[in-house]
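Student: Got a minute to go through this one with me? I'd like to know how its parts are named before we get into details.

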Amino acid sequence: QFPFGRRLPCDIYWHGVSFHDSNIFSGQVNKFPGMTETVRKITLSRAMRTMRDLFPLEYNFYPRSWILPEELPLFVAEVRTMKDSNPSWKPTFIVKPDGGCQGDGIYLIKDPSDIRLTGSIQSRPAVVQEYICKPLLVDKLKFDIRLYVLLKSLEPLEIYIAKDGLSRFCTEPYQEPTLKNLHQVFMHLTNYSLNIHSGNFIHSASANTGSKRTFSSILCRLSSRGADVKKLWSDIISLVIKTIIALTPELKVYYQSDIPAGKPGPTCFQILGFDILLMKDLKPVLLEVNANPSMRIEHEQELSPGVFENVPSPVDEKVKVAVIRDTLRLVDPQKKKRKDTPLTLCVLCCRCQSPEQAPGASEEAPDAAPGPEAALPSLCLKQVFPKYARHFSYLRLVDRVAALFIRFLGVKGTTKLGPTGFRTFIRNCKLSNSNFSMAAVDILYIDITRRWNSMGIDHKESGMCLQAFVEAFFCLAQKKYKALPLHKQVLSLLELCECRLAALHGQRLVWGCG
């Protein structure tokens, strides 16, 4: 482990927290730049909302969400309208701080007036979502699923899903939310870090019992009851691919900022933790995506008051060791040509992070010893993209919008589009006309950029962020193709822009030859 970095180059760098743990110029890094920011609750909710606007049926696996404080009036108005149209509707909502983790700051409400409007809501924005009141129960307990997903590459997109995961249980029998039980966190919140403090938490060496079990044990139980487990897995794979597709546009903007095209730099991969809830009808619902899922394979046990020891957790070990081992096998750059050369793995830990939070590894990984690949277990990671690309590629419209955004950024290393870049985009794609003058282009840029900047989106640099550009692009598409549904409007404008830019590029090549 190298807490202060390492000068000599390595094949793989395993950073403790983020891509920027140390300056790396080669090899592979187990973090993508911008991943932590991209999967925060507000950014994830915005990305999912954009995709739901385009494809309402394909993105109905994420709870309806509102962003606080900016959308509080909208939240109040929409709830009032829904209650007026359906007086029997008695919803519950869950409030989650944007940067919170391990259940910190989460609470349930029955009415918008119950939101805790303290000074902290301004300094600590949050997301409020519809609470899933009818989850699937096992042993009368609510549980969620932690699935590990490897994003091996952004370009081309390559996704793997672990064949097993963890099922994390609440520690009090579930009842639908009422004013009396809203505050019973051990009943409603599945976070391991909360339930571990419950007197009912059960540590078990078996994968089939206790407060933390393997997901495969739950599938076996469901299968024995006649549930269609193959369809459930198919729905989960679909959820994961669609979520990654929603996240990749933002990630590509961060990636080109830190690793500009044509310059030497590392390639990236990352293990993500997907938290999924199953409804009674076995429909999977995405709760959140964790950029730094815990890879600990032990838990603390109190021997005497104030005295703890680390005790192995067989369930964690079974799932997590396989995920890390097979991630290293998949990203090993020397795999095809190495026979006796050891793989060099550099683990870079944040100083505040205890060693057990990072995957244990010496400078030379144990698997590096000479030996056939066949001696290792079969891969626990299943490729789902590009394997199923033909079923999902039509969803990648915002990816193509992001490609246009990146093309006109101009200055390498930036993540914001200036007014000149926006005007150049409009001019090169020939989108201005007598009904939409360049003055109107400037007004559109100023209005949308000002509104997004007022939301507290990254003030480190001025200009139009990707989310603002996507909104402006949708606006242009709606102006030009009024009769079509939104996804066809956007697709039509994309094809027009790409065609005109290709023609312009061809003209420049001809001029260059001349």
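Tutor: Happy to! Helices are DSSP runs of H or I with at least four residues, strands are runs of E with at least two, and both are numbered from the N terminus. This is a predicted model, where local features need pLDDT of at least 70 and side-chain atom pairs count only at pLDDT 80 or more, while totals for chains, interfaces and linings use all residues. Residues are numbered from 1 along each chain as its sequence is written, and side-chain values use heavy atoms, with hydrogens and water left out.

Student: Good. How many helices and strands does the chain have?

Tutor: There are 15 helices and 18 strands. Of the 514 residues, 51% are buried, that is, under 20% relative accessible area; exposed means over 50%, and partly exposed is in between (1.4 Å probe, protein chains only).

Student: And what share of the contacts comes from residues 24 or more positions apart?

Tutor: Such pairs give 67% of the contacts with a separation of 6 or more. A contact means heavy atoms within 4.5 Å.

Student: Let's try a single residue. Where is serine 45, and is it buried or exposed?

Tutor: Serine 45 sits in helix 2 and counts as buried because its relative accessibility is 4%. Beyond residues up to four places away in sequence, serine 45 touches Tyr62, Ser65, Val127 and Gln129.

Student: Any empty space inside? How many cavities of 30 Å³ or more are there?

Tutor: The structure has 1, where a cavity is a set of points on a 1 Å grid over the protein atoms alone at which a 1.4 Å probe fits but cannot get out. The largest cavity holds about 40 Å³, a volume being the space filled by probe spheres set on points joined across faces, edges and corners.

Student: What lines the largest cavity?

Tutor: Ser45 is on the list, along with Lys41, Leu44, Tyr62, Lys96, Val127, Gln129, Leu287 and Glu288; a lining residue has an atom within 4 Å of a point. Helix 2 (41-54), strand 6 and strand 14 (284-290) each give at least two lining residues, and helix 2 has the largest share with 3.

Student: Switching to helix 3. Which of its residues are buried?

Tutor: Leu72, Phe75, Val79 and Met82. Looking down the axis of helix 3, these buried residues fall within an arc of 95°, so they line one face; the arc is taken from the directions from the helix axis to the C-beta atoms. The cover over them includes strand 3 (65-68), strand 4 (93-97) and strand 6 (126-130).

Student: What about the face turned away from the buried side?

Tutor: That face of helix 3 carries exposed residues: Pro73, Thr81, Asp84 and Ser85.

Student: Anything unusual in the backbone? Where are the cis peptide bonds?

Tutor: One joins leucine 68 and proline 69, with omega about 5°, and proline 69 lies in the loop between strand 3 and helix 3. Another joins phenylalanine 385 and proline 386, with omega about 15°; proline 386 is in the loop between strand 18 (381-385) and helix 10 (389-392).

Student: And which residue other than glycine has a positive phi near 55°?

Tutor: Lysine 430 does, in the loop between helix 12 (419-428) and helix 13 (438-454), and with 57% relative accessibility lysine 430 is exposed. Aspartate 139 also has a positive phi, about 55°, without being a glycine; this aspartate is in the loop between strand 7 (137-138) and strand 8 (141-153) and counts as partly exposed at 40%. For background, most residues other than glycine have a negative phi, and most peptide bonds are trans.

Student: Last one: what does the side chain of serine 313 make a polar contact with?

Tutor: The partner is the side chain of aspartate 316, at 2.7 Å. A polar contact is a pair of N or O atoms within 3.5 Å; within protein, one must be able to donate a hydrogen and the other to accept it, and residues adjacent in sequence count only if both atoms are side-chain atoms. Serine 313 is in the loop between strand 16 (307-312) and helix 9 (314-331), and is buried with a relative accessible area of 8%. Setting aside neighbours within four places in sequence, serine 313 contacts Ile297, Glu298 and His299.

Note on methods. On a 1 Å grid over the protein atoms alone, a cavity is a set of points where a 1.4 Å probe fits but cannot get out, and a pocket is an open set with protein on both sides within 12 Å along at least five of seven lines; lining residues have an atom within 4 Å of a point.
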